[in-house]
Each structure stands twice: as structure tokens, then as C-alpha cells.
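Work through the exercises below with the sequence and the model at hand. Each task is followed by a solution in steps.

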Amino acid sequence: MDETEKPMGDSPSDEEILDVTILDDAVEEPEAESAFDRPGRWYIVHTFAGHEQKVIGALNNIIKSRELGDSIYEIFLPEEDVTEFKGGKKVTVSKRMFPSYLLIRCEPDPEIFYVIGSTPGVTGFVGAEKTRPTALTRREVDNIIRPQVEGVEQPAAKRRMPTHEFEVNDTVQIKTGPFATFSGHVAEINEDQLKVKVLVDIFGRETPVELDFTQVT
């Protein structure tokens, strides 16, 4: 047989191998890193109201002084960005997702549980069964601490609905626009669009006027 002829059943050519390799690479996706897969287990700790940062500071001091860094790995305070309206101005602030609660990643060791539970400001573990607290599941951890994908920027966490000072039937005054200084009462509140519909008395007739939250007080 001529050496230049390609008999049936021969190995694929270099070009065909290259095509398959490119195809395989194209479908390969980076894996998300879940906080659940880090060493230890995650637990929820309850603190006195407003003592979250004090507990974090006290625990960090204990970890350092007793050299417990290989048993208590991480303290996580869940926070989120919330839009609020204060004094007629829109501001974005960080707020506790779960006030009076902390997430702690540590070894499931009764002695470690005792150290954490006896920290000043801590009232106990959530879901505690005698001396052994209940660890969070993967789904619970991922719902609070978003999994990270290497090389991929994570979108901002979904913000909660903005808080505001208005209620239906409230009497408000318009600050800006063609109806500035007019007063009226709130007929509707649209939190998605950050707007209110105010019924204003114009020439003896009640007229609905749609305004931004920042336009009324």
C-alpha cells in the first residue's frame, strides 16, 4: 500500500485532535469555591443586641492569646447594602443581615464550643443539642456567603427594598419641581421605582402628582 494513502481505521490526524482539544476546553467551566468546603464546620452564635463587634474583638483576643488559630478559623458577620431615605436624601448603608448573630467556622470540638460559648457577650449557639451545636448545611452556608469563582467578579449582593419614611395618607410637602411648597397626602408608594403618588389640591381640584422619594418630605 502506498505510504501516502490513509487506510481506514487509522488514528485521527493532528488537526482532528486539535479540534477535539479546543472543544473540550470550551466546555470547561471554572468551579465555584464554597465557604462550606473550608476546614472545620460553620455554626451560628447568638450575641447580646448590638454586641456583635465586641464579641468578634473578644474572640480574636482569645484566639491569639490561647493560640487557637488552628481550631477557630473564621468569624463572619453577614452584612448587606440597604438603601434608605434620611432627611429626604437617598443613602446606601451597610446593615446586619441577622442582627445579634455571627457565623463561626471552627472544629467540632466540645472544648472549642465551650470557649466560644463562654466569650463575653455570647448567649449561646443556635440549634444547640446539649454540648454539641448543629452545624450549618452547604445550602445554608452558600445562601449567606456567596460562592466565589476564581477569576470571575461576583455581582453585588441583592439589596433589600429601600426603607423610607412614608405611609399611605401621610401629609407631605413637595420640596422641588413645579409644585414646590405644595402640600398633599400620599396616595400610593412605589418602592421598586422609588416614587410616591401625592394628591395635591390644584385650583380646587385634587390632582395626583408622581414624585421621587427625594422630592418630598
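## Exercise 1: The sheet

Task: State how β3 and β6 are joined, then place both in their sheet.

Solution. Step 1. Strand β6 (residues 101-106) and β3 are antiparallel, with four bridges joining them. Helices (H or I, at least four residues) and strands (E, at least two) are DSSP runs, numbered from the N terminus. Two strands pair if DSSP finds at least two bridges between them. The model is a predicted one: local features need pLDDT of at least 70, side-chain atom pairs count only at pLDDT 80 or more, and totals for chains, interfaces and linings use all residues. Residues are numbered from 1 along each chain as its sequence is written, and side-chain values use heavy atoms, with hydrogens and water left out.

Step 2. Opposite Glu74 stands Arg105 in β6.

Step 3. β6 also meets β2, through six bridges in antiparallel pairing. Here Tyr43 has Ile104 of β6 as its bridge partner.

Step 4. β2 and β7 run antiparallel as well, joined by three bridges. His46 stands opposite Gly124 in β7.

Step 5. Put together, the order is β3-β6-β2-β7, an open sheet of four strands with antiparallel pairing. Its edge strands, β3 (72-76) and β7 (122-125), each pair on one side only. From one strand to the next the twist averages 30°, where axes are lines fitted to C-alpha atoms, for helices over the stretch in contact, and angles run from 0 to 180 degrees between N-to-C directions.

Step 6. Helix α3 (residues 110-117) packs on this sheet and touches β2 (41-47), β3, β6 and β7. The direction of α3 makes about 150° with that of β7. Contact means heavy atoms within 4.5 Å.

## Exercise 2: Ser71 and the core

Task: Is Ser71 buried or exposed, and which residues is Ser71 in contact with beyond its neighbours within four places in sequence?

Solution. Step 1. Locate Ser71: the residue is in the loop between α2 (52-66) and β3.

Step 2. Buried means under 20% relative accessible area, exposed over 50%, and partly exposed in between (1.4 Å probe, protein chains only). Ser71 counts as buried because its relative accessibility is 16%.

Step 3. Leaving aside neighbours within four places in sequence, Ser71 is in contact with Arg105, Cys106, Glu107 and Ile112.

Step 4. Follow Cys106 next. With the same neighbours left out, the contacts of Cys106 include Ser71, Ile72, Tyr43 and Ile116.

Step 5. Cys106 also belongs to the largest nonpolar core, which has 20 residues; Leu68, Ile72, Ile104, Cys106 and Ile116 have the most contacts inside it. A nonpolar core is a set of buried Ala, Val, Leu, Ile, Met, Phe, Trp, Tyr and Cys residues joined through side-chain atoms within 4.5 Å. At least two residues of this core come from each of β2, α2, β6, α3 and β7. The most come from α2, which gives five.

Step 6. Another core, of 12 residues, lies apart from the largest one; among its members are Val186, Val196, Leu211 and Val216. In soluble globular proteins, nonpolar side chains tend to be buried together.

## Exercise 3: Two residues outside the sheet

Task: Classify Pro120 and Arg96 by accessibility, and find what lies across from each in space.

Solution. Step 1. Pro120 is in the loop between α3 and β7. Its relative accessible area is 57%, so Pro120 is exposed.

Step 2. Along the chain, Pro120 and Val55 are 65 residues apart, while 6.7 Å separates their C-alpha atoms.

Step 3. Arg96 is in strand β5 (residues 89-96). Arg96 counts as partly exposed because its relative accessibility is 26%.

Step 4. Arg96 and Glu52 are 44 residues apart in sequence and 9.5 Å apart in space, C-alpha to C-alpha. Glu52 is one of the contacts of Arg96 beyond neighbours within four places, together with Gln53, Leu77, Pro78 and Glu79.

## Exercise 4: Confidence

Task: What is the mean pLDDT of the chain?

Solution. Step 1. pLDDT is the predictor's confidence in each residue, from 0 to 100. The mean for the chain is 79, and 73% of its residues reach 70 or more.

Step 2. Over residues 20-24 the pLDDT is below 50, and this stretch has zero contacts in the model beyond near neighbours in sequence. Residues 152-160 are also below 50, but that stretch has 14 such contacts.
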